[in-house]
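Here is a short briefing on a ligand and its surroundings. Please look at the binding site first, then read the points below.

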Amino acid sequence: MRIDKMLANLGYGSRKEVKKLLKDGAVTINERVVKDAKEQVDPNADHVTLYGEVIEYKEYIYLLMNKPPGVISATEDGYDETVIDLLEPEDVIFSPFPVGRLDKDTEGLLLLTNDGQLAHRLLSPKKHVPKTYFAVIDQEVTEDDVAAFRLGVTLDDGYVTKPGELKILKSGITSDIELTITEGKFHQVKRMFEAVGKRVIYLQRISMGPLQLDENLELGEYRELTEEEVNQLKELP
Ligand code: URA
């Protein structure tokens, strides 16, 4: 890859601005000052510095966010704040996008990446990646509901869901539950409870495939995935 492209991709300026940095002698490749923007560099093998600071190249970014309520899972919205608006500029330059959608009022685990291939695999209905949600329901959730979800319930549009694993954590005037599903239909969890005459009053995603919501992340905070987490995602069948 050309050195000017590598630096521009990493957000060190436009191609024109990067050319100026090169001309000023600010850049070295393997300890040699490089002034030619066309100079080739292997981002994974060569040692590149800018004003003496080592430049680490990465093509892909993987971010785990604890999505807050009131924010849209999209890259752009004419009206509301989006999850991209919550990112630092140094992460936005990689053009990450949310992998799937959480409703505006849903909180919890949201993966953002610019790795389109991985996102596609995670979202593919054929892959059946399990997603687990914690929810508060407006009334008593019963073993009948557990049995109904295990069989699959019929949504308002006639679609019969794949089996969902419903665990009752607390049952009473309101109930706390965990539900694991392997599909991602629009408003699926809310509509599954509507199918049994109940309403979700709070919804939080706590896991997606091998990823768990990080309890150290406050609402609206995010961190990069660890190498191990990225590898686990890539190893999904
Ligand atoms: N199911 C829903 O109803 N909403 C979400 O945000 C995610 C799953």
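This is a predicted model. Nine named positions set the scene: the ligand is surrounded by L102, D103, T106, Y133, H187, Q188, V189, K190 and L203.

**Shell make-up**
- By residue class, the shell around the ligand holds 4 nonpolar, 3 polar and 2 charged residues.
- Helix α6, residues 188-195, gives the largest share of this shell, with 3 residues.
- Two domains contribute to the shell around the ligand. Domain 2 (62-125 + 211-234) supplies at least three residues, and domain 3 (131-208) also supplies at least three.

**Polar contacts to the backbone**
- D103 offers a polar backbone atom 2.7 Å from an oxygen atom of the ligand.
- V189 places a polar backbone atom 3.1 Å from a nitrogen atom of the ligand.
- Q188 has a polar backbone atom 3.5 Å from an oxygen atom of the ligand.

**Cover and pocket**
- How much of the ligand's accessible area does the protein cover? On its own, the ligand has 230 Å² of accessible area, and the protein covers 96% of that.
- The ligand takes up the space of the largest pocket.

Note on methods
Residues numbered from 1 in each chain as written. Predicted model: local features only at pLDDT ≥ 70, side-chain atom pairs only at ≥ 80, totals over all residues. Heavy atoms only, no water. Near = heavy atom within 4 Å. Polar contact = N/O pair within 3.5 Å; in protein donor to acceptor, adjacent residues only side chain to side chain. Areas by Shrake-Rupley, 256 points an atom, 1.4 Å probe, with all protein chains shown as cover. 1 Å grid on protein atoms, 1.4 Å probe; cavity = no way out; pocket = protein on both sides within 12 Å on 5 of 7 lines; lining within 4 Å. Sits in = over half its atoms within 2 Å of the grid points. Helix = DSSP H or I, 4+ residues; strand = E, 2+ residues; numbered from the N terminus. Nonpolar A, V, L, I, M, F, W, Y, C, P; charged D, E, K, R; others polar. Domains from an automatic or database assignment.
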